[in-house]
Amino acid sequence: MRVEKISYDINWRAFKRGSSFFIPCLQCRKAKKTILTTTNRLKYKVVTKVVIEEGVRGLRVWRV
């Protein structure tokens with residue numbers, strides 16, 4: 001998956017319900033669209049939220 005010109009290699013098989021990952025980004029709306037495109041293709045239901053973790057703004061994605 002490519003977000004803001006950076007490729008992220010996410011092990012989608014290990015992405016179980018209740019787990020989450022964080023992607024640092026500046027344009028969170030655009031990143032959210034990219035992530036939702038991928039998760040919809042895989043038929044995963046996810047929830048996203050813009051958060052600041054350790055001083056870095058980004059997108060937290062949970063599988064529900």
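Helices and strands are DSSP runs, with at least four residues for a helix and at least two for a strand, and they are numbered from the N terminus. With that in hand, Val64 can be placed: this residue lies in the segment that follows strand E5 (56-63). The structure shown is a predicted model.

Val64 is a useful place to start on the surface. Its relative accessible area is 49%, so Val64 is classed as partly exposed. Together with Val47 and Trp62, Val64 makes a nonpolar surface patch of about 240 Å².

Another surface position is Lys16, which sits in the loop between strand E2 (6-7) and strand E3. Lys16 counts as exposed because its relative accessibility is 51%. In sequence, Lys16 and Arg63 are 47 residues apart, yet their C-alpha atoms are 6.7 Å apart in space.

The next step is to go inside. The largest nonpolar core has 14 residues, and those that touch the most other members are Trp12, Phe15, Phe21, Leu59 and Val61. Strand E3 (20-24), helix H1 and strand E5 each give two or more residues to this core. The largest share comes from H1, with 3 residues.

Trp12 shows what such a core residue touches. Apart from its neighbours within four places in sequence, Trp12 is in contact with Met1, Phe21, Thr38, Thr39, Leu42 and Tyr44. One of these partners, Thr39, belongs to helix H1, which covers residues 28-41. Thr39 has a relative accessible area of 0%, so this residue is buried. If residues up to four places away in sequence are not counted, Thr39 touches Trp12, Tyr44 and Val46. Tyr44 is thus listed as a contact both for Trp12 and for Thr39.

The cysteines come last. How many disulfides are there? The count is 0, where a disulfide would need a pair of cysteine sulfur atoms within 2.5 Å. Cys25 is in no disulfide, and the nearest cysteine sulfur to its own, that of Cys28, is 3.3 Å away. Cys28 is likewise in no disulfide, its nearest cysteine sulfur being that of Cys25 at 3.3 Å. The pair is not counted because the cut-off is 2.5 Å. Is Cys25 buried or exposed? Cys25 counts as buried because its relative accessibility is 4%. Cys28, with a relative accessible area of 6%, is buried too.

Terms used. Residues numbered from 1 in each chain as written. Predicted model: local features only at pLDDT ≥ 70, side-chain atom pairs only at ≥ 80, totals over all residues. Heavy atoms only, no water. Patch = residues over 30% accessible without salt bridge, like charges linked within 9 Å, V, L, I, M, F, W, Y side chains within 5 Å. Areas by Shrake-Rupley, 256 points an atom, 1.4 Å probe, with all protein chains shown as cover. Salt bridge = Lys/Arg side-chain N within 4 Å of Asp/Glu carboxyl O. Buried < 20%, exposed > 50% of the residue type's maximum accessible area, 1.4 Å probe, protein only. Contact = heavy atoms within 4.5 Å. Core = buried A, V, L, I, M, F, W, Y, C linked by side-chain atoms within 4.5 Å.
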